[in-house]
Amino acid sequence: MTEPLKGFVHSTESFGSVDGPGIRFIIFMQGCRMRCQFCHNPDTWNIGGGNEMTSDELLNMALQYKPFWGQKGGITVSGGEPLLQIDFLIELFTKAKAQGVHTTLDTCGLPFTYDEPFFSQFNKLLAVTDLILLDIKHIDSGKHKELTMWPNESIIELAKYLSEINQPVWIRHVLIPERTDYDDFLIRLDAFLKTLKNIVKVEILPYHKMGVYKWETLGIPYQLEGIDPPTAERVENARKLLHTEDYKGYLDL
């Protein structure tokens, strides 16, 4: 008998309200190649760690909360970086859709490539994915590499491809003083987003320090020491420069 496919899971959250529309069951997958200076879950970085679970185990956990989801809720798979476990995601989302569950993928986009076998598998995943939350960490590739240790070309290519096929995307951008909170970078990001036809929401996420203790616990030097969260004025400035009010498609989800 074939062993069931298992995913490496970091943790779950029963009543998520910020990772997609409505109330959602959030699955945080283990493993990520990015090393974002602002990461609040560095304990998800290790690939192959976490708890091994089958798609049925996860889905059965999630469905316990289905009565609370209403018309807009469902399941969001986040990370870590879930696309590192794409075969498992396809199986999980296929079973979720068979149960009438709204599926959302929260990704940084780094693993995206047109190369096979990934590209064919990615399209299989899209067939059972209702919404993608795409984190664009920095519009400038050089600065993106400084911030995450990786350039952003694959992420930009993913954003363009999702626009070509009109896959609904909710853009999230972390606002960090001395890193991303510069008007010229925000203007460049705005210009790029305006070339895309599939954006249902653009969200500014103010940098916070809630994960610093995890860096300390893991013995990893924290990269943003001395940098405070952005002021309310700078957050509002970013919203204006990115024209967040222009994106209302999420209201129809």
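1. Helices (H or I, at least four residues) and strands (E, at least two) are DSSP runs here, numbered from the N terminus. This is a predicted model, in which local features need pLDDT of at least 70 and side-chain atom pairs pLDDT 80 or more, while totals for chains, interfaces and linings use all residues. Residues are numbered from 1 along each chain as its sequence is written, and side-chain values use heavy atoms, without hydrogens and water.

2. Let's start with the largest cavity (points on a 1 Å grid over the protein atoms alone where a 1.4 Å probe fits but cannot get out; lining residues have an atom within 4 Å of a point). Its lining consists of His 138, Ile 139, His 173, Thr 180, Phe 185, Leu 186 and Leu 189. Helix H6 (residues 183-193) supplies the largest share, 3 residues.

3. Next, the largest nonpolar core (buried Ala, Val, Leu, Ile, Met, Phe, Trp, Tyr and Cys joined through side-chain atoms within 4.5 Å) has 72 residues. Buried means under 20% relative accessible area, with a 1.4 Å probe and protein chains only. Ile 27, Ile 75, Phe 122, Leu 134 and Leu 193 have the most contacts inside this core, and helix H2 (residues 86-98) gives the most to it, with 7 residues.

4. There are 16 aromatic pairs in the whole structure, counting rings of Phe, Tyr and Trp (its six-membered ring) with centres within 6.5 Å; planes over 60 degrees apart are edge-to-face. Phe 15 and Phe 68 are edge-to-face because their planes meet at 75°, with centres 5.2 Å apart.

5. Finally, Trp 45 and Trp 215 have ring centres 5.4 Å apart and planes at 85°, so this pair is also edge-to-face. Trp 215 sits in helix H7 (residues 212-218), 170 residues from Trp 45. Both Trp 45 and Trp 215 are buried.

Notes:
1 Å grid on protein atoms, 1.4 Å probe; cavity = no way out; pocket = protein on both sides within 12 Å on 5 of 7 lines; lining within 4 Å. Buried < 20%, exposed > 50% of the residue type's maximum accessible area, 1.4 Å probe, protein only. Phe/Tyr/Trp six-rings, centres within 6.5 Å; stacked < 30°, edge-to-face > 60°.
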